[in-house]
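Here is a short tour of a predicted model, written to be read with the structure open beside it. Take a moment to look it over, and then we can walk through its parts together.

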There are 2 protein chains.
Amino acid sequence: MNQPRSTPRVVAVRTPSKHYDILIGQGLLGDPAAWQGLPRCTHAVLVSNPTVFALHGERALHSLRAVAPRTSHVLLPDGEAFKDWQTLNTVFDHLLREGCDRKAMLFALGGGVVGDMTGFAAACYMRGVPFVQLPTTLLAQVDSSVGGKTAINHPMGKNMIGAFQQPERVLCDLDTLATLPPRELRAGLAEVIKYAPIADVPLLGWLEQHLGALLAGDVEALAEAVQRSCEIKAAVVGGDERESGRRAILNFGHTFGHAIEAGLGYGEWLHGEAVGCGMVIAASLSAELGLVPAAWAERVERLVDRAGLPVRAPDLCEDRWFELMAVDKKAEAGDIRYVLLDAPGSATLRTVPRATVAAVLRRHTVAPRAGATQPA
Amino acid sequence: MNQPRSTPRVVAVRTPSKHYDILIGQGLLGDPAAWQGLPRCTHAVLVSNPTVFALHGERALHSLRAVAPRTSHVLLPDGEAFKDWQTLNTVFDHLLREGCDRKAMLFALGGGVVGDMTGFAAACYMRGVPFVQLPTTLLAQVDSSVGGKTAINHPMGKNMIGAFQQPERVLCDLDTLATLPPRELRAGLAEVIKYAPIADVPLLGWLEQHLGALLAGDVEALAEAVQRSCEIKAAVVGGDERESGRRAILNFGHTFGHAIEAGLGYGEWLHGEAVGCGMVIAASLSAELGLVPAAWAERVERLVDRAGLPVRAPDLCEDRWFELMAVDKKAEAGDIRYVLLDAPGSATLRTVPRATVAAVLRRHTVAPRAGATQPA
């Protein structure tokens with residue numbers, strides 16, 4: 001079994017409904033110390049997908065055996081396209097077949113899709129069982145596994161059906177990032193970059209300096225990026241667990257990003273790619289409205305571009321953009337509320353005249369060419 | 001519009017996650033005062049079934065129009081057999097088609113099935129929107145609409161997928177009970193009777209005295225029965241919202257009852273009928289174990305019988321009984337924990353040797369005859 005190479009970094013999350021820790025380090029999946037002190041459970045169920053399970057499943061199952069007298073695992077098909085009720089139901093089928101009761105605990109080993117579905121399954125199974133996040137992608141480690149948002153998609157919108165359900169713990173094993181395809185590492189960087197313009201000016205400088213190391217998979221740089229991201233997210237989530245106010249700033253770039261994902265069909269662009277492009281549009285819109293200097297928006301765009309993420313959106317046609325954005329959860333009474341930058345390192349929610357948004361969208365859209373929407 | 005005939009009775013529910021009131025009285029569906037003070041919402045969505053909507057829908061919609069600038073309604077097929085994901089999804093389809101965001105509020109007009117599904121839809125839609133219970137059956141008024149348990153069924157078990165989600169308010173309009181089929185009124189009485197042996201000895205005497213009035217639909221008697229039931233339930237739920245301990249006593253009769261419902265196929269017996277019979281078995285098992293005098297168990301059985309509810313179970317065969325009871329949510333690590341009476345007016349959770357349970361089950365099972373399982 002892998003031995004931890006150093007003491008893990010710890011980020012404490014304190015929400016009204018639960019206090020829990022995020023552990024960040026190498027070798028955590030195989031480190032007994034990282035698994036101690038979880039609530040007592042009679043059956044530990046690992047939820048994963050075939051790709052991730054082949055890489056890390058055995059190590060996680062070995063650790064699970066110290067947590068519960070019974071263990072089992074269930075594998076979900078890989079990809080956002082399967083983040084639906086049918087796939088979720090295969091988790092429920094497994095739990096019922098295994099005779100799991102409320103003393104069962106779920107463990108999500110994978111990226112955002114596995115984490116979102118496992119968390120929602122845990123929220124609903126017998127009206128709630130505990131779960132642990134074992135994120136294996138950069139995107140999941142810096143964003144989706146933290147904060148308790150869980151959901152599945154509906155044909156009419158992403159993440160429309162879900163729950164706020166906090167995990168018991170999050171183990172970010174940095175070793176898992178070494179097996180990540182480069183495209184997914186870049187997509188994860190989009191969510192790291194996100195924290196800088198909305199909450200942390202020095203982080204933008206740090207990212208500009210360390211982007212090369214991050215793209216090369218340098219473990220120390222990744223540890224720092226994951227920790228800074230989790231600290232910012234924990235601070236925001238701790239003050240607004242159920243997204244009644246400030247938490248919505250974490251969706252910077254997401255209103256445009258979700259529209260791109262839904263407009264092209266989920267899975268065409270990775271979530272992080274769509275968010276990367278969405279941040280460029282949102283930053284540009286903020287500058288257009290005079291909220292931040294154009295130079296700040298350009299700095300965001302340059303960083304997104306250097307991370308190998310798309311900075312130009314596919315051509316969805318104007319009506320379709322607004323239709324897709326109107327079903328976003330941040331929309332209120334039909335008005336679309338955009339997360340905008342109101343100063344470097346600060347964000348706010350605002351409605352914006354449609355014509356202004358449309359003009360910015362046009363500037364950031366590639367000319368329609370067949371097959372040109374897929375990022376490299 | 002109906003005018004209220006007297007000041008409604010009020011039962012306050014105080015749980016860690018929410019404080020809300022249950023209003024009990026005549027004419028509440030059409031009484032503007034009963035609808036005041038709800039959270040601001042932009043779209044009020046009435047969820048009901050065709051039968052109930054034909055009787056009470058217009059009155060409820062009229063009141064809704066004072067609550068929100070936009071209103072709409074969605075009707076679900078009637079019956080426990082439809083308490084599944086597919087039907088739940090028709091609510092999500094409606095909400096998304098109407099462009100509802102988190103400022104929408106749902107209103108459940110109907111019995112336990114409508115209430116459970118509307119509550120679960122409210123818990124999951126965009127990770128949670130508020131909802132109000134407008135129970136139109138006795139069972140829903142005294143039990144299912146109070147306490148925040150919401151769920152749908154899974155082919156392998158009843159109420160397996162759900163959430164604890166408290167309503168904003170419960171309006172028990174006693175007028176709706178006048179249109180209730182007699183069989184459903186009797187089924188509701190099972191849940192009223194339930195509160196006496198587990199928590200309230202004087203209530204048993206009161207019920208023995210007033211059963212005739214209740215069966216005849218006497219409004220004063222019904223008001224008293226609904227209030228006493230809600231007070232007991234509110235007290236128990238307030239101390240254990242998420243059923244980690246004492247709340248489980250409210251499932252008196254339900255372990256056996258759920259097995260009857262699942263064994264025969266949902267809808268064959270009404271839930272209250274199965275619970276009535278389940279209470280007789282559970283009381284008899286308590287006496288068998290020497291926890292209460294046999295006379296107390298017989299008093300429970302006599303009252304269930306006088307209420308026109310079945311006191312003999314269908315013949316499910318022993319293995320099937322235990323298989324069905326083992327998936328119950330109160331089972332822990334494979335052991336079935338029964339809600340038993342440990343004194344008149346008091347209940348507890350215990351495991352019991354299978355042979356003892358089997359013997360009591362045999363005593364309370366009708367001889368197998370074709371077509372003999374359906375209550376009159």
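## Terms and ground rules

Two strands pair if DSSP finds at least two bridges between them. Strands (E, at least two residues) and helices (H or I, at least four) are DSSP runs, numbered from the N terminus.

Residues are numbered from 1 along each chain as its sequence is written, while chains are lettered from A and ligands numbered from 1 in the order in which they are written. Since this model is predicted, local features need pLDDT of at least 70 and side-chain atom pairs count only at pLDDT 80 or more, whereas totals for chains, interfaces and linings use all residues.

## Confidence

The model comes with an ipTM of 0.89 and a pTM of 0.91. In chain A the mean pLDDT (the predictor's confidence in each residue, from 0 to 100) is 93, and 94% of the residues reach 70 or more. A friendly reminder: where pLDDT is low, the predicted coordinates should not be read in detail.

## Strand β3 and its partners

Let us start with strand β3 of chain A, residues 43-48. Six of its six residues are buried, a label given when 20 or more other C-beta atoms lie within 10 Å of a residue's own; 12 or fewer make it exposed, counts in between make it partly exposed, and the C-beta atoms are placed from the backbone. In a regular strand the side chains alternate between the two faces of the sheet. In β3(A), A:H43, A:V45 and A:V47 are buried on one side, and A:A44, A:L46 and A:S48 are buried on the other.

Which strands does β3(A) pair with? Parallel to β3(A) runs β4(A) (residues 70-75), joined to it by six bridges, and here A:V47 has A:V74 as its bridge partner. β5(A) (residues 104-110) is also parallel to β3(A), with five bridges between them; A:A44 stands opposite A:M105 there. Helix α1 (residues 50-64) completes a right-handed β-α-β unit with β3(A) and β4(A): with the strands pointing away from the viewer, the path from the first strand over the helix to the second runs clockwise.

## A residue in chain B

Now cross to chain B, where B:A104 lies in strand β5 (residues 104-110). Is B:A104 buried or exposed? B:A104 counts as buried because it has 24 C-beta neighbours inside 10 Å.

Beyond its neighbours within four places in sequence, B:A104 is in contact with B:C41, B:T42, B:H43, B:V45, B:L95 and B:V129; contact means that the C-beta atoms of two residues, placed from the backbone, lie within 7 Å. Ten residues along the chain from B:A104 is B:V114, and their C-alpha atoms are separated by 18 Å.

## Two domains in chain A

The domain assignment, automatic or from a database, divides chain A into domain 1 (9-179) and domain 2 (182-363). Their centres, taken over C-alpha atoms, are separated by 25 Å. Domain 1 brings 33 residues to the contact and domain 2 brings 31.

## How the chains meet

A rotation of 180 degrees, with 0.0 Å of shift along its axis, superposes chain B on chain A with an RMSD of 0.0 Å. The two copies are thus related as by a two-fold rotation axis. The superposition is by least squares on the C-alpha atoms of residues with pLDDT of at least 70 in both copies. In chain B, B:W85 comes closest to the axis, its C-alpha at 4.1 Å.

At the interface, 32 residues of chain B are in contact with 32 of chain A. On the chain B side, β8(B) gives the largest share, six residues. The copies meet through the same surface, because 100% of the interface residues of chain B are also interface residues in chain A.
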